[in-house]
Amino acid sequence: GHYYTPEVWIPIFINVSLSLVFYIITSRLIPKLAGMFINARICGIDLNKHQSVQVPEAFGVVAGCMYLIVMFLFIPVPFGSAVLQNSAFPYHELAKLVTALLSICCMILLGFADDVLNLKWRHKLLLPTVATLPLLMVYYVISNSTIIIVPKPLRYLFGFSVDLGVLYYVYMSLLAVFCTNAINILAGVNGLEAGQSLVIAASIVLFNFCELSSDLWRTHQFSIFFLAPFIAVTLALLKHNWYPAKIFVGDTYCYFAGMTFAVVGILGIFSKTVLLFFIPQVINFLYSVPQLFHIIPCPRHRMPRLNRDSGMLEASEFKCDESSLSPLGKLCLNVVEKLNLARVTRKDGTIVGNNLTIINFVLVKVGPLHEAHLSAVLMTIQILCSGMAFLIRYPLASIFYDV
Ligand code: P6L
Ligand code: UD1
Ligand code: MG
């Protein structure tokens, strides 16, 4: 088969080697640029430290630029064999590569704008949608498959497959919006944004290696090309962003990471599997919905807060008058309270509850934790969920599908 041919492994080898080199370059560059970001006032206060120190922010832009450099250097490599053998040039492969980079580049720009200008929510939702249009156009040209295979138990209702048509394109643009923002709202503890993205990227790469022996190996190889350099720059960031953080990754990095995952899922045609690796982010998003839509008050920061006496992080809280809550707000609060999903206390008509993120949920259930410990716990949860995703994707899928 194709599995042992140089066409499969040589480009991957070159890509991984380049990634290693750029891991070293990026991790040395980051501390050198810290002063420059402070001078430009691109910095924020680390809210969970005893002293208030200015930490340079938006270092995702450094990682993103280094990432683009690796990818630009790499562009000729997959086409080496076509050029050397003088065979038909695979223009569609080139279009995929360049368009994917265009979308990622746009998101780095948007993220950086968000970090320095603090954009409104509507921009955060609208701009990623627009940034996926080139991707969707390429998807239309290379695949245009809008059919989903129905799981066996549901086939008597829907038949073997359903053609979603234009809805499938809507789903793909929503995927990009979801991936970018879901990482950004599961944040606020040193190392968390980069840590969760690292686990997701590693999981997708593992999935790609599992699928590299299938007939669809090209799309999985394509995904590895994008994710190996991503893992390299993420590791470089994580080294400096882990507790105690010397730099913050900023929204730039969250958007960059989310778009990279959306791009490989969409153009690799395995977007549902990508979503499976977002289980903690999906749960965190669903849990956050009452606050995101302001059904329950949402403070500017929902990250845990430091107890200055014990040095531990505790769940942060929102506070409001019971009378100011809408009926829907009261209902939401009752539901999370009955299901034991939040700690809510009522006193003299004032309601206090923990902010609805899984970070605070862990702290409510486990008790106060040190920041580094909390970050490690959340990364462990992400890894366990990836294990579960593999179970769903392989053994479970064979129950629901003929694979
Ligand atoms: C391309 C191909 O691999 O589809 C794949 C096959 C094929 O099905 O899709 O990636 P594709 O392949 O395009 C899926 O993976 C299966 O492998 C479909 C998964 C559907 C789930 C979508 C999103 C989930 C997000 C998380 C698996 C089919 C098995 C069916 C089981 C479906 C159950 C899924 C829900 C699991 C949702 C949720 C578990 C949550 C547990 C929580 C515990 C605390 C999270 C929802 C949370 C709700 C609270 C090219 O090579
Ligand atoms: C999102 C979250 C917000 C959370 C914030 C933390 C929602 C709706 N928004 O907002 O609840 O508080 O991310 O990133 O859920 N910071 C730290 N330590 C860290 C990381 C960040 O103290 O490890 C602080 C710094 O002051 C930094 C600021 O958070 O300047 C960055 O926040 P920003 O990314 O602008 O917040 P949002 O993404 O808008
Ligand atoms: Mg943010």
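Of the 19 residues around ligand 1, those that come nearest are His220, Ile269, Lys272, Thr273 and Arg393. This is a predicted model, and the contacts below should be read in that light. Two of those nearest residues also show up in the polar contacts. The side chain of Thr273 puts an N or O atom 2.5 Å from an oxygen atom of ligand 1, while His220 has a polar side-chain atom 3.1 Å from an oxygen atom of the ligand. Phe270 joins in through its backbone, with a polar atom there 3.4 Å from an oxygen atom of ligand 1. Taken alone, ligand 1 exposes 1100 Å², and the protein buries 63% of that.

As for where the shell around ligand 1 comes from, the elements giving two or more residues are helices H9 (192-211), H12 (271-276), H13 (279-292) and H16 (371-400). H16 supplies the largest share, five residues. By class, the shell is made up of 14 nonpolar, two polar and three charged residues.

Turning to ligand 2, 19 residues surround this molecule, and the closest are Ile45, Glu57, Asn190, His301 and Arg302. Backbone atoms do part of the work here: an N or O atom in the backbone of Arg302 sits 2.8 Å from an oxygen atom of ligand 2, and a polar backbone atom of Leu47 is 2.9 Å from a ligand oxygen. Arg300 uses its side chain instead, with an N or O atom 3.2 Å from an oxygen atom of ligand 2. On its own ligand 2 exposes 730 Å², of which the protein buries 90%. The shell splits into eight nonpolar, five polar and six charged residues.

Ligand 3 is a magnesium ion, and its protein donors are Asn184 (OD1) and Asp251 (OD), lying 2.0 to 2.1 Å from the metal. The pair ties together distant parts of the chain: Asn184 belongs to helix H8 (residues 166-184) and Asp251 to helix H11 (residues 250-267), 67 residues apart. Both Asn184 and Asp251 are buried.

Away from the ligands, strand E9 (residues 350-354) is mostly covered, with four of its five residues buried. E9 has antiparallel partners in E7 and E8. Strand E7 (residues 317-321) is joined to E9 by five bridges, and Asp321 stands opposite Thr350 in this pairing. Strand E8 (residues 344-347) runs antiparallel to E9 over four bridges, with Thr345 opposite Val352. E8 and E9 form a hairpin with two residues between the strands, where Asp348 takes a positive phi near 50 degrees.

How values were computed: Residues are numbered from 1 along each chain as its sequence is written. Chains are lettered from A and ligands numbered from 1 in the order in which they are written. This is a predicted model: local features need pLDDT of at least 70, side-chain atom pairs count only at pLDDT 80 or more; totals for chains, interfaces and linings use all residues. Side-chain values use heavy atoms; hydrogens and water are left out. Buried means under 20% relative accessible area, exposed over 50%, partly exposed in between (1.4 Å probe, protein chains only). Two strands pair if DSSP finds at least two bridges between them. Donors are N, O and S atoms within 2.8 Å of the metal (3.2 Å for Na, K and Ca); water is not among the atoms, so sites may look incomplete. A residue is near a molecule or strand if one of its heavy atoms lies within 4 Å of it. A polar contact is a pair of N or O atoms within 3.5 Å; within protein, one must be able to donate a hydrogen and the other to accept it, and residues adjacent in sequence count only if both atoms are side-chain atoms. Accessible areas come from the Shrake-Rupley method with a 1.4 Å probe; for residues, only the protein chains shown count as cover. Ala, Val, Leu, Ile, Met, Phe, Trp, Tyr, Cys and Pro count as nonpolar, Asp, Glu, Lys and Arg as charged, and the others, Gly among them, as polar.
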